[in-house]
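Work through the following exercises with the sequence and the model side by side. Each task is followed by a solution that proceeds step by step.

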Amino acid sequence: MGKGTQAKVLMAEYEIPQISTGDILRDQIARGTALGVKAKGLMDRGALVPDDVVNGMVADRLGQADIVSGYVLDGYPRTLAQAEWLDGRLSAASTELDLVAVSLRVDEGELLRRITGRRTCAACGHIYNIYSQAPAVEGRCDVDGSELVQRTDDTEEAFRARMKAYEASTAPVIEHYRAKGRFAEVDGMESVTAVTASIDVELSRLRGWEI
Ligand code: AMP
C-alpha cells in the first residue's frame with residue numbers, strides 16, 4: 001500500500017499517466033454507471049472486482065493516446081489471470097514494457113493506520129492521512145481548500161477482507177513476475193521520499209540504466 005501516493009510521484013517524475021484501476025472503478029461509481037453499481041458492493045466489502053471487468057477497463061485505457069511514452073499501473077494486475085492477460089496483450093502488440101511489479105512491504109498495524117486515517121480531496125484527489133500527513137486545516141485540502149472525504153472501503157472490516165484477497169490472489173502475481181526477473185520489493189515502512197528513492201533504484205536496475 002502507499003501505492004497510490006507512489007504512483008502519483010512516479011507520474012510527475014517520469015511525466016507519464018497513472019492508470020489506477022481503483023480510481024477508474026471509483027469514477028464509475030461516482031457516475032452511477034452499471035459497472036459502478038456492480039463494483040461498489042464488492043469494493044465496500046474489500047473483495048476483488050472480476051478479472052474480465054478490470055481487464056476490459058485496462059484495455060480501454062491502454063487504447064488512449066497519452067500512454068505512448070509509458071504509464072504507471074497502480075493496483076493492477078492484482079491476480080494471476082490479470083497478469084497473464086496483460087502479458088498476452090503486451091506481447092501481441094509487440095510492445096516492450098519495462099514492467100516492474102513493486103510490492104510495498106508494510107506491517108499490518110501500520111497498514112490499518114494508513115487506511116483508516118486516509119482522507120482524499122474530493123476535488124483534486126490529493127491524499128492525506130490524519131495520523132501522519134494531516135492537512136493544515138482539519139477536513140480541508142491544503143491545495144484547493146475542498147472537502148476531504150474518506151473512502152467507503154477504508155473500514156477495518158474491508159481492510160481485513162482486502163488482506164485476505166491479497167494473500168490469496170495477489171501473492172501469486174509476485175511469484176509470476178519474480179520468475180520473469182521483473183519483481184522488486186521495496187520497504188514501505190520508510191518515508192514517502194525514501195520509498196520513491198528505492199523504487200527509482202529498482203526501476204533503473206530492472207531497465208539496465210546506470211544510476
Ligand atoms: P485500490 O484503490 O487499488 O486500493 O482498489 C480499491 C478496490 O477496488 C479493491 O479493494 C478492489 O475491490 C477494487 N480493485 C481495484 N483494482 C482492482 C483489480 N486490479 N482487480 C480487482 N479489483 C480491483
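Contact here means heavy atoms within 4.5 Å, and axes are lines fitted to C-alpha atoms, for helices over the stretch in contact, with angles that run from 0 to 180 degrees between N-to-C directions. Helices (H or I, at least four residues) and strands (E, at least two) are DSSP runs, numbered from the N terminus. This is a predicted model, in which local features need pLDDT of at least 70 and side-chain atom pairs count only at pLDDT 80 or more, while totals for chains, interfaces and linings use all residues. Residues are numbered from 1 along each chain as its sequence is written, and side-chain values use heavy atoms, with hydrogens and water left out.

**Exercise 1.** Determine the strand order of the open sheet of three strands, and then place helix H6 relative to S4.

*Solution.* Begin with pairing, which requires that DSSP find at least two bridges between two strands. On that criterion the order is S5-S4-S6, with antiparallel pairing. Strands S5 (127-129) and S6 (148-149) form the edges, since each pairs on one side only. Next, examine strand S4 (residues 118-121), which is joined to S6 by two bridges in the antiparallel sense; Thr 120 has Val 149 of S6 as its bridge partner. Finally, add helix H6 (residues 108-117), which lies across S4 and S5 and runs at about 35 degrees to S4.

**Exercise 2.** Describe the surroundings of the ligand, from its shell to its polar contacts.

*Solution.* First collect the residues with a heavy atom within 4 Å of the ligand: there are 17, and Lys 3, Thr 21, Arg 26, Ala 47 and Gln 82 come nearest. Helix H2 (residues 21-30) supplies the largest share of this shell, four residues. Then look for polar contacts, that is, pairs of N or O atoms within 3.5 Å. A polar side-chain atom of Arg 26 is 2.9 Å from a ligand oxygen atom, whereas polar backbone atoms of Val 49 and Gly 75 lie 3.0 Å and 2.9 Å, respectively, from a nitrogen atom of the ligand. Last, consider burial: the ligand taken alone exposes 480 Å², of which the protein buries 98%, with accessible areas from the Shrake-Rupley method and a 1.4 Å probe.

**Exercise 3.** Locate the cis peptide bond and the residue other than glycine with a positive phi.

*Solution.* Start with omega, which is about -5 degrees for the cis bond joining Tyr 76 and Pro 77; Pro 77 belongs to the loop between strand S2 (72-74) and helix H5 (80-92). Turn then to Glu 15, whose phi is near 55 degrees, and which sits in the loop between helix H1 (3-14) and strand S1 (18-20).

Notes: A polar contact is a pair of N or O atoms within 3.5 Å; within protein, one must be able to donate a hydrogen and the other to accept it, and residues adjacent in sequence count only if both atoms are side-chain atoms.
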